[in-house]
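Work through the exercises below with the structure open. Try each task before you read its solution.

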Amino acid sequence: MSQRSTQAAAQSRGRDMREGLRDGLPIGLGYLAVAFSLGIAAREAGLTATQGFIASLLSVASAGEYAGFTLIAAQASYVEIALGTLVTNARYLLMSTALSQRFSNSTPLSQRIGVGLGVTDELFGLAIAHSQVRPFYQYGAMLSSIPLWCVGTSAGIVAGQLLPARVVTALSVSLFGMFLAVIMPASRTDRVVRTCVLASFVASYVASHLIPLTMAWSSGTRIIVLTVIISAAAALICPVSPEGDDAS
Amino acid sequence: MSARIWLSIIVMGAVTVAIRLLPLTLIRSPLKNRFLLSFLHYVPYVTLSVMTFPAIVESCETPLAGLASLVVGAVAAWYGANMVSVAALCCVVAFVLGLL
């Protein structure tokens with residue numbers, strides 16, 4: 001009996017894993033392209049291909065890594081780097097919190113940690129597409145996407161040196177394109193998010209071009225301070241209902 | 001220089017991993033604080049917006065190429081183009097207008 005149930009469990013793990021590997025691959029191909037331009041930013045910060053690979057393996061975070069590399073390039077302090085990473089990746093806190101509600105009670109802590117390490121925008125999207133988190137499905141998806149993220153970063157660092165300057169400049173825009181792909185659909189459906197996005201554009205311009213005090217700050221510090229102020233203001237003026245938040 | 005970069009990478013990784021794992025290991029019941037929930041809801045959009053503008057304009061060969069890239073990418077994303085398409089579109093616009 002117990003042998004049979006062990007066997008069944010192993011089978012379902014294998015099935016979950018294969019399914020995850022399949023669903024993760026399109027995500028991985030997207031990662032490869034975006035990580036390439038992240039690699040260009042990493043190169044400007046002085047990272048080698050190995051350092052870029054390790055950074056992407058440890059962080060697996062586009063905006064967070066981009067902010068980190070910008071801060072490294074700006075000779076920022078470790079505290080600024082930690083704060084910048086914290087702010088740009090704060091959304092993972094929300095995603096992990098949402099996921100924590102979707103594990104079966106029998107899930108061991110090691111599997112909660114394993115799944116947690118792979119919380120990205122896209123892999124979180126896969127996880128919440130099912131009512132209950134299946135750890136081995138997530139492992140499969142992580143295996144077919146995260147290595148491509150790391151390879152893409154290294155490729156960007158290496159190829160950034162080989163490609164003509166104009167091409168590198170144009171490719172560096174792709175990361176911003178990816179950010180637009182996250183903020184625009186939400187702006188379309190949510191009026192408050194739309195207002196936040198516009199306010200952020202204006203505030204970011206004003207802070208980096210018009211106010212001498214904030215112009216003297218590093219770009220990373222401006223990002224942190226503006227994010228906290230604008231998000232807090234939005235949260236005070238238009239708090240979201242705890243129920244509706246799951247849908248975001 | 002290299003030691004500073006390695007340490008920075010470790011700081012980035014440690015903070016990111018902690019953010020991902022703390023809720024899954026410590027918080028076993030749902031968050032209740034409405035302000036905190038709302039704040040976390042808006043943070044990703046605000047921080048990505050602050051990082052995108054005006055940086056996208058200044059990262060291009062000319063301000064015109066940057067602005068065009070921003071507008072084209074924003075419109076495509078608004079109408080539901082996926083992440084890779086938007087990124088590619090922004091690059092093409094930036095490259096072509098950068099040649100002018």
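A residue is buried if 20 or more other C-beta atoms lie within 10 Å of its own, exposed if 12 or fewer, and partly exposed in between. Keep in mind that this is a predicted model.

**Exercise 1. Describe the overall build of chain A.**

Task: State which elements chain A has, and compare its radius of gyration with the globule rule.

Solution:
- Step 1. Count the elements. Chain A has 13 helices and zero strands.
- Step 2. Read them in order. From the N terminus on, every element of the run is α: α-α-α-α-α-α-α-α-α-α-α-α-α.
- Step 3. Compare sizes. The radius of gyration is 20 Å, and the globule rule gives 18 Å for 248 residues. The two values are close, so chain A is as compact as a globular protein of that length.
- Step 4. Check the box. Along the principal axes, the C-alpha atoms of chain A fill roughly 75 × 50 × 35 Å.
- Step 5. Apply the burial cut-off. Of the 248 residues of chain A, 50% count as buried.
- Step 6. Look at contact range. Take contacts in chain A between residues at least 6 apart in sequence: 77% of them join residues at least 24 apart.

**Exercise 2. Split chain A into domains.**

Task: Find the domain bounds in chain A, then work out which helix gives the most to the domain 1 side of the contact with domain 2.

Solution:
- Step 1. Set the bounds. Domain 1 of chain A covers 2–172, and domain 2 covers 190–248.
- Step 2. Place them. Their C-alpha centres lie 25 Å apart.
- Step 3. Count the contact. Ten residues of domain 1 of chain A meet nine residues of domain 2 of chain A.
- Step 4. Assign the domain 1 side. Helix 3 (62–73) and helix 4 (78–88) of chain A each supply at least two residues. Helix 4 of chain A gives the most, with four residues.
- Step 5. Sort by class. This side of domain 1 has seven nonpolar, two polar and one charged residue.

**Exercise 3. Test helix 3 of chain A.**

Task: Does the span of helix 3 of chain A agree or disagree with 1.5 Å a residue? How many of its residues are buried?

Solution:
- Step 1. Work out the span. Twelve residues at 1.5 Å a residue should span 16 Å.
- Step 2. Compare. The end C-alpha atoms of helix 3 of chain A are 16 Å apart, which agrees.
- Step 3. Check cover. Eleven of the twelve residues are buried, so the helix is mostly covered. Among them are A:Gly64, A:Glu65, A:Tyr66 and A:Phe69.
- Step 4. Look just past the helix. There A:Gln75 takes a positive phi of about 60°.

**Exercise 4. Read the contact between the chains.**

Task: Size up the contact between chain A and chain B, then place B:Pro54.

Solution:
- Step 1. Count both sides. Chain A gives 82 residues and chain B gives 65 residues.
- Step 2. Find the main contributor. On the chain A side, helix 10 (residues 174–189) gives the most, with 13 residues.
- Step 3. Sort by class. The chain A side has 52 nonpolar, 24 polar and six charged residues.
- Step 4. Locate B:Pro54. This residue is in the loop between helix 2 (34–52) and helix 3 (55–58) of chain B.
- Step 5. Judge its exposure. B:Pro54 has 19 C-beta neighbours inside 10 Å, so it counts as partly exposed.
- Step 6. List its partners. B:Pro54 touches A:Ser204, A:Tyr205 and A:Ser208.
- Step 7. Check confidence. The predictor gives the complex an ipTM of 0.87 and a pTM of 0.74. Chain B has a mean pLDDT of 89.

How values were computed
Residues numbered from 1 in each chain as written. Chains lettered and ligands numbered in written order. Predicted model: local features only at pLDDT ≥ 70, side-chain atom pairs only at ≥ 80, totals over all residues. Contact = placed C-beta atoms within 7 Å. Nonpolar A, V, L, I, M, F, W, Y, C, P; charged D, E, K, R; others polar. Domains from an automatic or database assignment. Rg over C-alpha atoms; globule rule 2.2 N^0.38 Å. Expected span 1.5 Å × (residues − 1). pLDDT = per-residue confidence, 0-100. Lists of a residue's contacts leave out its neighbours within four places in sequence.
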